[in-house]
Each structure stands twice: as C-alpha cells, then as structure tokens.
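Colleague: I'm new to this one, so could you walk me through it with the structure in view? Let's begin with the surface.

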Amino acid sequence: TKHFQSLTNLMRAVGESRVPVVAAFSGVVSGCALGLTSHATFSVATERSVISLPGPAHGYVPESFSLYHLARLPHALGKYMALTGAALTGAELRAVGLATHLTESQVLPNLIDNISFQASQNAVALSNALDDACIPPKLEHFCEHHALHFRSQIEDCFSQDGLVEVMSALQRGNTPWHAQVLQVLRASSPLALQLTFGALQRAASASCWSECLRQEAQLCSALIASNDFKRGFNDLQVAKRALRIEAHDAQELNEDLEADMQWEPNAEWEHSSLERLTPELLQYYLSPSNS
C-alpha cells in the first residue's frame, strides 16, 4: 500500500507542479513510466522509445497511473494497450499526444543540458527551447509492426461497451491480427481483464485525473492479494530465471539459481472465464473501501 501511495504522491506532484516538468526517455519502458510522461508538462520521446503496459497477461492490472489519459486516447488505443500489453513507439506516442516532442536519441544529452540552464521557468519559454533543441527523426511509416497501423480495427473492436463484446468483435474480424489479439486476451487472467476494463470505463467518466490516481492505487493494492497475481508473478520469475540460464554457462549456475527454478509455471487462473466473475467480486476490487 505504501508503494502505491508513493507512486500516487509522485504523479500528483508532477501533475500539479508550478515549475514545468520535462520527462524524457529513450529505450523500452513500461507501467508507471507512462504515468510520469502523461502528467509531466512536456514529454520527449525518441526513435528508440517503446512503452508498453503489461498487466492482465500476468494476472494483474497495468499499474500505469495514467488511466485518465489512457481512457481519452483516440481509436480506443488506451483499452487496447491496457488489455493486451501492446507497445507504442516514440513516433506513435507523439502521434496520439502521449509525447509532446519527438527527437533523435543522440540529441537527448545536449537537450537536457540546454533546458537545465534555462533562466526562465516559464512553460512557454521551455516549450520554445524544446522545439529548438529537438531534431525530429526521419518520419516513420506505421507498418504492420505498429499498433497505429491497425487503428481502424482497434477502434472497431475495443470501443465496445463490454469486454465480452470486445472479444465477440475480434472473433468476427477473421484476420490474422484479430486472431492474434483474441489469443492474447484468452490467455490472460479474466479477473485482471475485467478489472482493467472497468477501471478504464470509470476513468473515462471521471472529471479529475487526481481522483483516478487514488482509485488506481486502491485497485493495484487490492489485487496483489489475488491468486491470479501470485500465479502471474510466479510465471514471470520462471521466465526471468530461464533467460538467466540461457545467458550463463550451466556450470556457473549457483545452487540458489537452480533452486529458484522449482517454481511451477502455467497454473490455471482462479476464474476460468469472464462469465464466472460475479458483480460482488468485481465490486470488491473496484470499491473505494479497499483503500
């Protein structure tokens, strides 16, 4: 609980800061990193930037601390990202408004130095400084490797009023993209999927991003006690340790690493389908009483 409260306080401090805040990142990030970029006055991405929201596939909610912003993305992209864990590149972040600036990654060190020596803390002056310092990379064509290439299909499927309807729309799509996304959803935790969908619906009708922060912290904290989170966490540990084994010679593995591999992956989700989730169970996790 303290962890999520700390994240909430950080996001609120960034979002309410009287001094303009610049968030710049180049590389692969996930989760609450999106919250920092969403609440900052300015956010700078590069051609190397990739951001994703892993969550339901691991029995958990995305922990983005940016539900208010995700719920307002065009083409139902927020639901798509949060439910499937799909990633957006720097160019895509700029295109949908999650990044205010896009530049070449090699420019970032000088850019940070330049804005650090700005005499004025005025947002307009800082924006002009960022405009001058950024060198936009070559325009990127959104191909089949980008989410925005499928924005029409995403909007058709993920703008539905319910999760069951989303999956039905994917079934009707009858293309490799529809089949792949449906497979991801079917392999994910039904509980985490429904809670993520419900949290985004609630955020879409919220009038204040600050209230969404509190609700997301409450949801994240409550879901940690669920069996699905424990199963997803254990599976992640197994995957990480398998990667470590691949990266080391077998003879160099210590006994602790070998013992760690005793985790049993691929247990069943506690609730096998969306239909098995009761309104009372969902309310338990979404209710403010779990703060």
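Colleague: What share of the area that the chain exposes do carbon and sulfur atoms supply?

Modeller: The chain exposes about 15100 Å² (Shrake-Rupley method, 1.4 Å probe). Of that area, carbon and sulfur atoms supply 51%.

Colleague: Before we go further, what kind of model is this?

Modeller: Residues are numbered from 1 along each chain as its sequence is written, and side-chain values use heavy atoms, without hydrogens or water. Local features need pLDDT of at least 70 and side-chain atom pairs count only at pLDDT 80 or more, while totals for chains, interfaces and linings use all residues, and the model itself is predicted.

Colleague: Thanks! How many helices and strands does the chain have?

Modeller: Both are DSSP runs numbered from the N terminus: helices are H or I with at least four residues, strands are E with at least two. By that reading, the secondary structure comes to 15 helices and 6 strands.

Colleague: And what percentage of the residues count as buried?

Modeller: Buried means under 20% relative accessible area, exposed means over 50%, and partly exposed lies in between (1.4 Å probe, protein chains only). Of the 291 residues in the chain, the buried ones make up 48%.

Colleague: Among contacts between residues at least 6 apart in sequence, what percentage join residues at least 24 apart?

Modeller: A contact here means heavy atoms within 4.5 Å. Taking the pairs at least 6 apart in sequence, the share that joins residues at least 24 apart is 71%.

Colleague: Which residue forms a salt bridge with E211?

Modeller: The rule asks for a side-chain nitrogen of Lys or Arg within 4 Å of a carboxyl oxygen of Asp or Glu, and the count comes to 1 salt bridge. Both partners lie in helix α12 (residues 209-223), 3 residues apart, about one turn of the helix. E211 is partly exposed because its relative accessibility is 32%, and its partner is partly exposed at 31%. The closest N and O atoms are 2.7 Å apart, and the partner of E211 is R214.

Colleague: Let's look inside. Which helices each supply at least two residues of the lining of the largest cavity?

Modeller: A cavity is a set of points on a 1 Å grid where a 1.4 Å probe fits but cannot get out, and lining residues have an atom within 4 Å of a point. The search finds 2 cavities of 30 Å³ or more, and the largest has a volume of about 40 Å³, counted as space filled by probe spheres set on the joined points. Its lining is V61, P62, L67, T196, A199, E216 and L219. The helices that each supply at least two of the lining residues are α11 (190-204) and α12.

Colleague: Which residues line the second largest cavity?

Modeller: This cavity also has a volume of about 40 Å³. Helices α11 and α12 each supply at least two of its lining residues. The lining is made up of L67, A199, R202, A203, C212, Q215 and E216.

Colleague: V61 turned up in the first lining. Which residues is V61 in contact with, leaving aside neighbours within four places in sequence?

Modeller: V61 lies in the loop between β4 and α3, and its relative accessibility is 4%, so V61 counts as buried. From V61 to A199 the C-alpha distance is 9.3 Å, although they are 138 residues apart in sequence. Beyond its sequence neighbours, V61 is in contact with P54, G55, A192, L195, T196, L219, C220 and L223.

Colleague: What is the phi of E63?

Modeller: Most residues other than glycine have a negative phi. E63 sits in the loop between β4 (50-52) and α3 (67-70), and it is buried because its relative accessible area is 19%. E63 is not a glycine, yet its phi is positive, at about 55 degrees.

Colleague: And where is H75, which also has a positive phi?

Modeller: The phi of H75 is about 60 degrees, and H75 is not a glycine either. At 28% relative accessibility, H75 is partly exposed. Its place is the loop between α3 and α4 (77-84).

Colleague: One last stop: how far apart are the C-alpha atoms of F233 and H58?

Modeller: F233 is found in helix α13 (residues 227-247) and is partly exposed, with 39% relative accessibility. N234, also in α13, is buried at 18%, and its C-alpha lies 9.1 Å from that of H58. F233 and H58 are 175 residues apart along the chain, and their C-alpha atoms are separated by 6.7 Å.

Methods: 1 Å grid on protein atoms, 1.4 Å probe; cavity = no way out; pocket = protein on both sides within 12 Å on 5 of 7 lines; lining within 4 Å.
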